[in-house]
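Biologist: Could we go through this structure together? I would like to begin with how helix packing is described.

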Amino acid sequence: MQNILQKTMRDPTWQLISWMLGAIFIFALVASEFNIGSFSSTLLNGMLRAMLLFLVAAGLSLIFGLMDILNFAQGGYFMLGAYLAYDFQHPDAGSLTFGESIADPTLRFFVSILFAVIVGGVLGYILERFFLRPLYDRPLFQLVLTFGASLVFLEGIKFIWKTVPYTWREDTIFQANKFNLFGTTFEWYRVFIIIMGIVLIVLISLMLRRTRIGIIIRAGVEDPEMVRALGINVRAVFTFVFTIGCAVAAFGGAVAAPFLQVHIGLGNLYLLGAIAVIVLGGLGSYEGTAVASIIVGLAWVAMERFSISYNIGAVWGDLTPMLMLALVLLLRPKGLFGEER
Amino acid sequence: MLIIWAAVGATLAVLITPTVYRNLNQKPLDGLIIGLIVGIIGSVPGLLVFWLLLPYRFRQSDRPPHPLDGFRWRGVAQMHSNNILEVRDIHTFIGQFHILEGVSLEVPRGSITVILGRNGAGKTTTLRSIIGLNNPRSGSIFYNGRNITHATAHEIAASGIGYVPEHRAIFKELTVRENLEIAARKRGDLERNQQFIFDLFPDLQRLIDLPGGNLSGGQQQMLAIARALVPDNDLLLIDEPSEGLAPVIIDQLMAAIKQLAKHKTVLLVEQNFRVASRLADRYVIIDDGHSVMSGDMADLIKNPDVIKRYLGVA
Ligand SMILES: Nc1ncnc2c1ncn2[C@@H]1O[C@H](COP(=O)(O)OP(=O)(O)O)[C@@H](O)[C@H]1O
Ligand SMILES: [Mg+2]
């Protein structure tokens, strides 16, 4: 144990990560004007943002590593998850009325998450199995296709839910229970999401390390052709990963719906954030994605705080992922954990 | 045909139902979902029939015997019973490049057959055609009497062929153990064969928890061969095992290949003629995408002109 710790501390990548996190903490302190309540709320919301980013980026990164497809539609799945969960939860808004039959809002909330995950997974399956699969010899077409799919998502959502943003109104037990942190009130729900995100990071990592499908995925990231030549149906693995990746993104959107404004910019916002994450983490590296999610999430929220405290305009917050992406590409193009490509 | 009908039916149902539904109570998404459900249910009968017929229509290679089989295949499918593999006049393209322009070869069961030829002659492409990573455009490949010409790589491998690619393409990020585990096709494959593998390559047992990338070149080559021995393969395709290795290591590898060839048939690509001549019983020479000669290794050794002409060594 101590050995691993020492090794980690001497590893230049982890040293760099510590420096970055330290810099972000200091920046967050400045951004919250050295107010401990505001600082802790920045950190908490930063971690929350980080987990949401991770839910989008995990699929994006695994899909890219395994199939060399940058799935531009990944943000669309996130956004769709948010809309579906919102709509299911509020029978009087949007288009879905099925939710009515479940009277208890908390139970209805669980069902809406499940509903969003299933729809996301099914749509992910359809996109990979019927549209991307015929194009594996033509990577450029696949890129164009996922971009097209992202537009279809956007237009479809505009058609069904119009362009007005939705704000969550329903109070489940998650929203009703709050706690106080240095003078600021938080819903327990946010803490719950952060814990769940961390659990998911660990679970996916265990899946990749310990299970057969995980070993196949890691091998496929390295050399999909050789995996085929061992007698494994790699296409089926692609479909599996793509489906799960989209379902997880939709899950992220669904759990985020209660505290995000559900609006049509959500997809692109989180897609760009996730792209920044996977480039910073190093393309195709799972631990890179997990660590980079936290870095980008914290920096993003700290910048939002900063722009409010010092009145420099709200755009800076949402620009942060892009700025970080540009910075990484300039300073360390292979990302934190990436191989030279 | 049936699947198309099922798809058309489902699509129509999906498209029409929301419109009808919307006129009833103005909720397009409810309508869409009901439409989807109607569509899925509507397409089930079509799909069911399709799946029932599928084995007869698509799974050419391992479909149940068909009354017309004998008629259609007689004289074509019959292999010399002694050959585990027969490649007949294959033409393989990579992109638009015509790489193999007529390669034929036979691999007798239990033999070590070596493919010889200059750099760029098409040896690797021949192995890749057999394992299905570059399916030939014409010609045919029979393995154990089955036509595998157009089968996918994973089907071909699963039918009992192990592939050891050139440049020691092991998974560098995976540990030695994981490299072996991933090759197992059935539960128990590794347990059953690991003693044989570790007897051949004792080093691997010691290195079992190290990432493949940390191994030396020779150890990586051993792992690549070991990986092909995990499932019960009958035929091994080994591409240039001696490439870039020190003579001592090459001798070790040769001994191991000789040893495993007591249980398996081996089709080997080998540039090093000294190695090839000591290992192989049979040879095939490929030159510029054509197979030009084949026969017993013993005869080739007596024929320095041929060796000089096609291999550039004396
Ligand atoms: N991906 C590719 N694209 C175009 N040409 C290729 C490709 N791979 C191999 N070739 C060409 O095919 C020929 C045969 O290659 P290969 O089978 O690897 O030869 P060998 O293994 O005998 O050295 C060579 O001339 C090589 O240049
Ligand atoms: Mg070669």
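Modeller: A definition comes first: angles under 35 degrees count as roughly parallel, over 145 as roughly antiparallel, 65 to 115 as roughly perpendicular, and the rest as oblique. Please bear in mind that this is a predicted model.

Biologist: At what angle do the axes of H4 and H12 of chain A cross?

Modeller: The axes of helix H4 (residues 74-89) of chain A and helix H12 (residues 266-281) of chain A cross at roughly 135°. They come within 7 Å.

Biologist: Which class does that put H4(A) and H12(A) in?

Modeller: H4(A) and H12(A) are therefore oblique to each other, since the rest, outside the ranges I gave, counts as oblique. Their crossing is right-handed.

Biologist: Let us turn to charges. How many salt bridges are there over all chains?

Modeller: The structure holds 13 salt bridges over all chains. One of them joins Arg128(B) to Glu225(A), with the closest N and O atoms 2.9 Å apart. That pair crosses between chains: Arg128(B) lies in helix H4 (residues 123-131) of chain B, and Glu225(A) in helix H10 (residues 224-229) of chain A.

Biologist: And is Arg128(B) buried or exposed?

Modeller: Arg128(B) is buried, at a relative accessible area of 17%, because buried means under 20%. Its partner Glu225(A) is partly exposed, at 31%.

Biologist: Which residue does Asp203(B) meet in a salt bridge?

Modeller: Asp203(B) meets Arg206(B), at 3.4 Å from N to O. Both residues lie in helix H8 (residues 202-206) of chain B, 3 residues apart, which is about one turn of the helix. Arg206(B) counts as exposed at 60% relative accessibility, whereas Asp203(B) is partly exposed at 26%.

Biologist: What about Arg274(B), which residue is its salt-bridge partner?

Modeller: Arg274(B) forms a salt bridge with Asp251(B), and the closest N and O atoms are 4.0 Å apart. Arg274(B) is in helix H11 (residues 273-279) of chain B and Asp251(B) in helix H10 (residues 247-260) of chain B, so the pair ties together parts that are 23 residues apart in sequence. Arg274(B) is partly exposed at 37% relative accessibility, and Asp251(B) is partly exposed at 36%.

Biologist: Which residues are linked in a network of salt bridges?

Modeller: Asp189(B), Arg192(B) and Asp232(B) are linked in such a network.

Biologist: Changing topic: which residues are the protein donors of the magnesium ion, ligand 2?

Modeller: The protein donors are Thr124(B), through OG1, and Glu166(B), through OE, lying 2.0 to 2.6 Å from the ion. The pair links distant parts of the chain, 42 residues apart: Thr124(B) is in helix H4 of chain B, and Glu166(B) is in the loop between strand S6 (161-164) and helix H6 (176-181) of chain B.

Biologist: How accessible is Thr124(B), buried or exposed?

Modeller: Thr124(B) is buried, with a relative accessible area of 18%. Glu166(B) is partly exposed, at 22%.

Biologist: You mentioned S6(B). Which residues lie on each of its faces?

Modeller: Ile161(B) and Tyr163(B) are on one side of S6(B), and Gly162(B) and Val164(B) are on the other. All of these residues are buried, so both faces are covered. In a regular strand, side chains alternate between the two faces of the sheet.

Biologist: Which strand is joined to S6(B) by bridges?

Modeller: Strand S7 (residues 235-239) of chain B is joined to S6(B) by 4 bridges, and the two run parallel. Within this pairing, Tyr163(B) stands opposite Leu237(B) in S7(B).

Definitions and conventions
Residues numbered from 1 in each chain as written. Chains lettered and ligands numbered in written order. Predicted model: local features only at pLDDT ≥ 70, side-chain atom pairs only at ≥ 80, totals over all residues. Heavy atoms only, no water. Salt bridge = Lys/Arg side-chain N within 4 Å of Asp/Glu carboxyl O. Buried < 20%, exposed > 50% of the residue type's maximum accessible area, 1.4 Å probe, protein only. Donors = N, O, S within 2.8 Å, 3.2 Å for Na, K, Ca; no water. Pairing = 2+ DSSP bridges. Axes fitted to C-alpha atoms, helices over the stretch in contact; angles between N-to-C directions. Left-handed = near helix turned anticlockwise from the far one by under 90°.
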